[in-house]
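Here is a short note to read alongside the sequence and the model. Please keep the structure open and find each residue as it comes up.

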Amino acid sequence: MLRFSGGVRLGHNRRVPDSEPLLWDIFCRVIDNHGDIGVCWRLSCDLAARGQQVRLWVDDASALRWMAPGALHGETSGVRVLPWTQPIAPALLAALPASDVWVEAFGCEIAPEFIASRACSSSARGSFDLKIPPAWINLEYLSAEPWVERMHALPSPVLHGPAAGRTKWFFYPGFAPRTGGLLREQDLCARQQAFDGAAWLQAQGIDADGERLASLFCYEPPALGALLRQLGARETPTRLLVTAGRAAHAVTRCIEDEKFLPRLPDKREKLSISYLPPLTQRGYDELLWTCELNFVRGEDSLVRALWAGAPLVWHIYPQPEDDAHHAKLEAFLQWLDAPASLRRFHRVWNGIELGPLPPLELTEWGAAVQAARQRLLSQPELSTQLLSFVAQKR
Ligand SMILES: Cc1cn([C@H]2C[C@H](O)[C@@H](COP(=O)(O)OP(=O)(O)O[C@H]3O[C@@H](C)[C@H](O)[C@@H](O)[C@H]3O)O2)c(=O)[nH]c1=O
C-alpha cells in the first residue's frame, strides 16, 4: 500500500489491522550534537525495514548529509524526510494523508499547526477527530535509572489545544526488561558477524599493522591528556581513531598545548592518531566493530558500542545545571555490573572524580560488556516493543 503523496489511503473510519503497515509521523528537534537526529533516523530506518512508512520531520537535517547520504533525496525506502519549519507550510500539511502514529522525540512538542490540521473541521468544538485517533508516543531519552521502569508506558493526558482530551503515551528506551528496550536492527548481528575489520581499515586508508586500535568519540573530557599519555605508555603501540568534530578538536588542542607536549612520555611514538572524516551511521558501527576499545558519548553511540561488545568508556552528556548526569552514569555502571576499575575510570573520564586515570583493564571490562550484550540480546528490542505498544493503543 502506497501512502505517500499520490497514494490511496484506507477509508478514514477503518481501523488498520495490526499486521498492516502503519504510517508514522516522527518529530525531531535538533538541540545540539548529533544524538537527536541520530536516534530518530535510526528508528525511522528500523521501522521502515519492518515494512512501516515513516515521515521524519526535522528542523535541522544537515547532519543527515554525512550520517545517511541519500536520506534527503528519498533514497531510503519507506522514510521521507520533511522540513519542520516554523510554521509548517500549510500546503504541505494539506497534501499529506493522515497518519496512524505520532512520535514526539525527546520531549519535543509536535507542531500545533500539524495537530490542528488533523483536527476534524466539521466538529463543533474544532476538536480532534476521534474516529481515527493516531497512537501518540512521547519517545524519551535513554537512562538506566530505576524510575524508568515505573514511568515507561504511562499515559499523559493532553490538556490544551485541538487535541485536548487525547492521551499521549510515554515510551522510555532502556536497558532493563520492563522498559522500551534499545534500538537493534534485525540484521545487526548478521552484519557484525560478516564484517571484515582489516578490509574496512584498508578502505579508510589506515595502516595499523601491529597496533591496538581504539576509537574516540567524546566532548572535551578533562582527562583527555591523561588518556593520551596512558595510551602512549602502553607496551604495544596503539592507534587512536578519532572521530570528526568535537573529539578531533579536543585532541588537536590537547596535543598542540605547549604545556602538554613536554609532559608526554619518551615513548610518544607508541601512540599514533588517525583523524577520521564524518562517517555514515553504518560506517560508525563498523569503526566500533574494528576497535578493541571504544570511547563513546551521548546516547546512540553508547548503545552501538554495547552491540559492538568491546570494552567501552562512556562520556555522558553533561547536565551542569543540576549534575543529573552523575546519577545517570552511576545507574548505567550499576546495570553494566562494571568492575571497580571501570567505574573509577568513568568517574575520572567524566570529571566527576579527580585523580589519575586507572589503568586500562580491557579483559575485565570486555567481559562486563559482553555479559551485558548477552542480557540485552535476550530482551525484545525497541522497534518490536514500540510496534506492539502502538497496536495496543490504537
Ligand atoms: C562520530 C560519528 C557519529 N555518528 C552518529 C552516531 C550517532 O547516531 C550520532 C551521535 O549521537 P550520540 O551518540 O547520541 O552522541 P551526541 O553527543 O552527538 O548526542 C547527544 O545529543 C544530545 C542533544 C542528547 O541530549 C544526548 O543524549 C546525546 O544524544 O552520530 C555518525 O553517524 N558518524 C560519525 O562519524
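1. Start at the ligand. An N or O atom in the side chain of S301 is 2.7 Å from an oxygen atom of the ligand; a polar contact is a pair of N or O atoms within 3.5 Å, and within protein one must be able to donate a hydrogen and the other to accept it, while residues adjacent in sequence count only if both atoms are side-chain atoms. Two backbones also take part: a backbone N or O atom of H34 lies 2.8 Å from an oxygen atom of the ligand, and one of L279 lies 2.7 Å from a nitrogen atom of the ligand. There are 23 residues around the ligand, of which D32, Y219, L279, D300 and S301 come nearest (a residue is near a molecule or strand if one of its heavy atoms lies within 4 Å of it).

2. A word on the source. This is a predicted model, in which local features need pLDDT of at least 70 and side-chain atom pairs count only at pLDDT 80 or more, whereas totals for chains, interfaces and linings use all residues. Residues are numbered from 1 along each chain as its sequence is written, and side-chain values use heavy atoms, with hydrogens and water left out.

3. One open sheet has 7 strands in the order β3-β2-β1-β4-β5-β7-β6, with mixed pairing. Strands (E, at least two residues) and helices (H or I, at least four) are DSSP runs numbered from the N terminus, and two strands pair if DSSP finds at least two bridges between them. At the edges are β3 (79-83) and β6 (155-157), each pairing on one side only. From one strand to the next the twist averages 25 degrees. β6 and β7 (residues 167-171) are antiparallel and share 3 bridges; S156 has K168 as its bridge partner in β7.

4. Helix α15 (residues 382-393) packs on this sheet, touching β1, β4, β5 and β7, and its direction makes about 160 degrees with that of β7. Contact means heavy atoms within 4.5 Å. Axes are lines fitted to C-alpha atoms, for helices over the stretch in contact, and angles between N-to-C directions run from 0 to 180 degrees.

5. Another open sheet has 5 strands, ordered β10-β9-β8-β11-β12, with parallel pairing. β10 (271-275) and β12 (312-315) each have a single partner strand, so one side of each is left without a neighbour in the sheet. The twist here averages 15 degrees from one strand to the next. β8 (residues 212-216) and β9 (residues 238-242) pair over 5 bridges, and A214 is bridged to L240 in β9.

6. Which strands does helix α13 lie across? Helix α13 (residues 340-349) lies across β8, β11 and β12, at about 35 degrees to β12. It is largely enclosed by the rest of the structure, because 8 of its 10 residues are buried (under 20% relative accessible area; exposed is over 50%, partly exposed in between, with a 1.4 Å probe and protein chains only). Among the buried residues of α13 are F345 and W349. Just after α13, G351 has a positive phi of about 70 degrees.

7. How many disulfides are there? The count is 0, a disulfide being a pair of cysteine sulfur atoms within 2.5 Å. The sulfur of C40 is 3.7 Å from the closest cysteine sulfur, in C28, which is too far for a bond. C40 counts as buried, at 1% relative accessibility.
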